[in-house]
Amino acid sequence: MTLPSTPLAMAEDSVKDAPRAMIDLRSDTVTRPTAAMYERMRRAELGDDGLDGDPTARELESLVAHTLGKEAGLYVPTATMGNLLAVLTQVERQGQVALEATAHMFLTERGGATLSAVMYQGIPGAAGEMDLNLLERTLGPSQALRTGLVCMETTHANAGGIALPLAHMRAVHAMAHDAGARVHIDGARIFNAALALQVSPSAVAGYADTISVCLSKGLSAPAGAVLVGPSETLSRARQWRKMLGGTQRQTGILAAAGLEAITTMSARLAEDHATAHRLGVLLRDALPCQIGITKPATNIVFIELPEDVPESAVWAEELRKHGVLIRPWGPRRIRLVTHRHIDSADIDAAAAGFAKAAGKLLDRTPSSL
Ligand SMILES: *Cc1c(COP(=O)(O)O)cnc(C)c1O
């Protein structure tokens, strides 16, 4: 549900008593900090991260690096900046980044090319995986642009929150390194991926040189991300962060929430996967069968709307009247994301909202189908 804006002093428990608000399935970014995060933020040891360093930010950087089996880390304001730094530090100007054609870094972040002078080459594929033959061609010596970095995204947001199979990651990693390219993982939701694959996060991160992790999605921190990788790469990333204006001062206040997120919040992501699964099951009951519902691998459910039903924006408007917030993902797709503020009662209510919306928009009740 959407929670009312919370004053810093207000503990999470008192927020829970607020009147039941909208069921917010737009994104796991809507998650609010936990009471333990506020407490840790209040007690955080602080320094000037632009002068001699902030001790809490440093602690977070080494914790995430250690968790993912890498030498060093860098706290950044957003995962978008983490991904951009991975490009700026690992690809020469006029070089190229190769990545799956529906990756977030391609569809949403490639405007970074205006800063990096690095081309983004989308590689077609399926289920979040690049076609390996096409990748091999892109990495080949005959290409005009040298590919300096290959990126993978896991979990893959536009592929419905799928966790890339480790065999695919291993193949991409080997192919890239054979061609002299580095590998980066856009691991905004890498903890969800590790959970779905039932391996440690470092096992997933093992197939990359650098990884960015978002702290403000299911992990519930208010802001921030961490880029990890080799020490030498990360010290250049620190210089680039400064140039981009991403060096903050007493950033330990935010990093403290990130520490709490990394140490305590990844374990509960299993609940989000379970609620997403339940949402998928209930929606298949609530909606007529020509509307496709993906089987969620993690915390994202996609609804595919055929041409003969109203567009996603119309559904969003109708569902809002029934207390459900959803995200149109193009005209024919709806995205639903589960997170810490969605429990099984919310899932029941959301499915009931969909049934009512379908009754209105499809001009017949689902039970009569
Ligand atoms: C959210 C997201 C990002 C960007 O994260 P921000 O912290 O919002 O910049 C990058 N990649 C993927 C896959 C994401 O889901």
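In the predicted model, helices H2 and H12 cross in a right-handed manner. Helix H2 spans residues 35–43, and its axis lies 8 Å from that of H12, the two packing at an angle of about 140°. This angle makes H2 oblique to H12, because only angles over 145 degrees count as roughly antiparallel. On the side of H2, the contact is formed by Ala-36, Met-37, Arg-40 and Met-41. Helix H12 contributes Ile-253, Ala-256, Ala-257, Leu-259, Glu-260, Ala-261, Thr-263 and Met-265 to the same contact.

Helix H12 also takes part in the largest nonpolar core, which comprises 48 residues. With 7 residues, H12 (residues 252–265) supplies the largest share of this core. The members that touch the most other members are Leu-60, Leu-135, Val-150, Ile-190 and Ile-211. For Leu-135, the residues touched are Ala-98, Ile-123, Met-130, Val-150, Val-172 and Met-175, when residues up to four places away in sequence are not counted. A second core, separate from the one just described, holds 27 residues, among them Ile-293, Trp-315, Phe-354 and Leu-362.

An open sheet is formed by 7 strands, arranged in the order E2-E10-E9-E8-E7-E3-E4 with mixed pairing. Strands E2 and E4 (119–123) are the edge strands of this sheet, and each pairs on one side only. On average, and with direction ignored, neighbouring strands are turned by 20° against each other. Two helices that pack on the sheet may be described in turn. Helix H3 (residues 55–67) touches E2, E9 (210–214) and E10, and its direction makes about 125° with that of E2. Helix H8 (residues 166–178) packs on the sheet through E7 (147–153) and E8 (182–186), with its direction at about 145° to that of E8.

The edge strand E2 merits a separate description. Strand E2 covers residues 72–76, and 5 of its 5 residues are buried. Burial extends to both faces of E2: Ala-72, Leu-74 and Val-76 lie on one side, while Gly-73 and Tyr-75 lie on the other. Strand E2 is joined by 5 bridges to E10 (residues 225–229), and the two strands run antiparallel. Within this pairing, Val-76 stands opposite Ala-225, and Gly-73 has Val-228 as its bridge partner.

Another open sheet contains 4 strands in the order E11-E12-E15-E14, and its pairing is antiparallel. Strands E11 and E14 (327–328) occupy the edges, each with a single partner strand, so one side of each has no neighbour in the sheet. Strand E12 (residues 300–304) is mostly covered, with 4 of its 5 residues buried. Strand E11 (residues 292–293) is joined to E12 by 2 bridges, in an antiparallel arrangement. The bridge partner of Gly-292 in E12 is Glu-304, and a hairpin of 6 residues connects E11 to E12. Between E12 and E15 (residues 333–337) there are 5 bridges, and these strands likewise run antiparallel. Here Phe-302 stands opposite Arg-335 of E15. Helix H13 (residues 269–286) lies across E11, E12 and E15 and runs at about 20° to E12.

A further helix pair is formed by H14 (residues 312–321) and H15 (residues 344–361), whose axes are 9 Å apart and which pack at an angle of about 125°. Helix H14 is therefore oblique to H15. The crossing of H14 past H15 is right-handed. From H14, the contact involves Val-314, Trp-315, Glu-318, Leu-319 and Lys-321. The residues of H15 that meet them are Gly-353, Phe-354, Ala-357, Ala-358, Lys-360 and Leu-361. Trp-315 and Phe-354, which take part in this helix contact, are also included in the second core of 27 residues.

Methods
Residues numbered from 1 in each chain as written. Predicted model: local features only at pLDDT ≥ 70, side-chain atom pairs only at ≥ 80, totals over all residues. Heavy atoms only, no water. Core = buried A, V, L, I, M, F, W, Y, C linked by side-chain atoms within 4.5 Å. Buried < 20%, exposed > 50% of the residue type's maximum accessible area, 1.4 Å probe, protein only. Contact = heavy atoms within 4.5 Å. Pairing = 2+ DSSP bridges. Axes fitted to C-alpha atoms, helices over the stretch in contact; angles between N-to-C directions. Parallel < 35°, antiparallel > 145°, perpendicular 65-115°, else oblique. Left-handed = near helix turned anticlockwise from the far one by under 90°.
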